[in-house]
Amino acid sequence: KLTRTTSVFARAKPEDKLEIVKSLQRQGWVCAMTGDGVNDAPALQRADIGVAMGLEGTEVAKGASDMILTDDNFCSIVSAIEKGRIIYAGIQKFVSFIMSVHFAEVLQIFLCIVTSVPVMRQPLQILFLILVTDLPPSIALGFEPGEHLTMKRAPRPKTQPVVLPWMWRGIVANGIILTICIFSTYMVALSAYAGAFTSDTITGGVYGNERERCTIWGRNDWAPTLDFTCSIASNILKDPDCNPETQSCDYLWQRIVNEVPDGVTQDQLDRMYYVTPPPFATDAEIDQFQRGIAGCKQCIDTSIRRARTTAFIALVWAEGFRAYCSRSFDTFVWVNTFNNPSMNKAVGMAQFTLVIALFTPGLNTVLGLYPYEIHYFGVFIAAVGSFSCLLGCEFYKYLGKQFIEETKLANYAENADGTVSK
């Protein structure tokens with residue numbers, strides 16, 4: 001009871017100092033003890049943080065303490081506490097950012113699997129995102145400048161978790177926003193480049209080509225321009241020498257199958273790619289059919305990788321935006337946007353590395369990125385998808401302000417304009 005009402009104890013004995021420390025700890029306080037003499041050693045040892053004087057302190061006091069002030073200046077303790085609070089806030093922002101983007105990346109792949117959509121990301125692309133796009137900005141959040149009320153707030157409870165419940169809500173909400181934006185971008189790209197969404201519809205089924213047509217984009221076009229006929233059944237030739245009154249004159253292109261897998265039905269066999277023309281087909285008909293089948297196969301093979309490239313670019317850009325959004329839980333991104341040099345370098349490095357990955361011959365093929373095939377349209381929808389993520393995260397920040405539980409100010413009253421009065 002005495003330590004609750006008394007601020008200063010004078011001429012305390014060594015055992016009194018120890019009892020004061022124990023009393024404060026029983027009340028749930030994190031207790032720091034400063035001392036320089038031998039008689040301070042028991043209290044320094046018992047305290048949560050023992051601070052000894054580096055210039056005037058005895059070796060016994062230094063040995064019993066957790067921290068030594070090299071300049072014997074108590075202001076250094078205040079600076080250390082402020083730095084510690086800034087680092088702790090940076091850890092909270094780091095966890096919120098890294099958990100939200102990883103949650104989004106897993107959720108995107110999960111949606112592709114359950115909806116039978118081609119998986120939008122390859123293993124090396126996932127590794128690129130973790131090492132280049134996610135990790136450097138998350139580390140940069142640890143160098144975030146402190147907020148102006150950092151030292152005005154009361155100490156946080158010892159039992160308080162690092163990630164608070166309202167932070168978990170933000171992690172899930174921002175992850176869902178990121179997922180919606182990038183998955184929508186991927187679906188738009190699939191619709192534009194493949195003309196379909198599910199894997200079987202795009203590739204033509206398990207055993208062959210079930211698609212009738214496939215559209216491919218010209219290099220500088222903003223819309224599909226080249227159509228290829230994919231359906232073998234639509235390539236029916238008439239035998240000019242047959243009598244339609246006595247027999248059927250419609251001839252399909254004959255299939256060449258060296259080995260028929262077990263369990264393959266005749267209908268499945270009729271849909272396979274391998275074809276040979278009827279004996280009466282002209283050279284022009286053969287050339288037209290072969291060009292159609294070859295173009296269709298190229299169209300199908302490139303459509304998925306085009307959509308993946310577009311979605312990958314959109315995700316890298318979106319996570320850069322998300323990194324800047326994560327710098328504050330309640331301050332909008334356009335306030336002091338670039339006052340963290342470490343964040344600027346981290347995001348800039350991620351974008352520079354993306355350019356290298358996209359346009360370095362050989363490396364882009366290994367990563368499964370084909371920037372020259374997505375055209376201006378792919379870049380445009382990637383930009384729209386990533387910027388939509390920025391707007392969505394900032395809109396949630398506006399709505400989520402009411403759920404943020406800030407630590408109360410210590411012996412201060414916060415005015416309506418955000419200033420502090422004693």
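The following exchange asks why certain residues and elements of this predicted model carry the labels they do.

Me: What makes the values used here count as reliable enough to discuss in a predicted model?
Reply: In this predicted model, local features need pLDDT of at least 70 and side-chain atom pairs count only at pLDDT 80 or more, while totals for chains, interfaces and linings use all residues. Residues are numbered from 1 along each chain as its sequence is written, and side-chain values use heavy atoms, with hydrogens and water left out.

Me: Why is Ser386 called buried?
Reply: Buried means under 20% relative accessible area, exposed means over 50%, and partly exposed lies in between (1.4 Å probe, protein chains only). Ser386 has a relative accessible area of 2%, so the residue counts as buried. Ser386 lies in helix H13 (residues 371-400), where helices (H or I, at least four residues) and strands (E, at least two) are DSSP runs, numbered from the N terminus. Leaving aside neighbours within four places in sequence, Ser386 is in contact (heavy atoms within 4.5 Å) with Ala314, Trp317, Ala318 and Phe321.

Me: What makes Glu144 and Arg327 a salt bridge?
Reply: The term requires a side-chain nitrogen of Lys or Arg within 4 Å of a carboxyl oxygen of Asp or Glu. The side chains of Glu144 and Arg327 meet at 2.6 Å, N to O, and the pair is therefore a salt bridge. Glu144 sits in the loop between H6 and helix H7 (165-193) and Arg327 in the loop between H10 and H11, so that the pair links distant parts of the chain, 183 residues apart. Glu144 is buried, at a relative accessible area of 7%, and Arg327 likewise counts as buried, at 8%. By this rule the count comes to seven salt bridges.

Me: How do you know that Arg305, Arg306 and Glu373 belong to one network?
Reply: The side chain of Glu373 meets that of Arg305 in a salt bridge at 2.5 Å, N to O, and Glu373 also meets Arg306 in a salt bridge at 3.8 Å, N to O. Salt bridges that share partners join these residues, Arg305, Arg306 and Glu373, into one network. Because Glu373 lies in helix H13 and Arg305 in helix H10, their pair ties together parts that are 68 residues apart in sequence. Glu373 counts as buried at 17% relative accessibility, Arg306 counts as buried at 7%, and Arg305 is partly exposed at 26%.

Me: Why is Asn336 called exposed, and why is Ser116 called partly exposed?
Reply: Asn336 has a relative accessible area of 52% and is therefore exposed, whereas Ser116, with 45%, is partly exposed. Asn336 lies in the loop between helix H10 (283-325) and helix H11 (341-359), and Ser116 is found in the loop between helix H5 (75-114) and H6. Neither residue is a glycine, yet Asn336 has a positive phi of about 50 degrees and Ser116 has a positive phi of about 60 degrees.

Me: What makes strand S1 and strand S3 edge strands?
Reply: Two strands pair if DSSP finds at least two bridges between them. An open sheet of three strands has the order S1-S2-S3, with parallel pairing. Strand S1 (32-35) and strand S3 (67-69) each pair on one side only, and they are the edge strands. Strand S2 (residues 49-53) and S3 pair in the parallel sense over three bridges, with Val51 standing opposite Met67 in S3.
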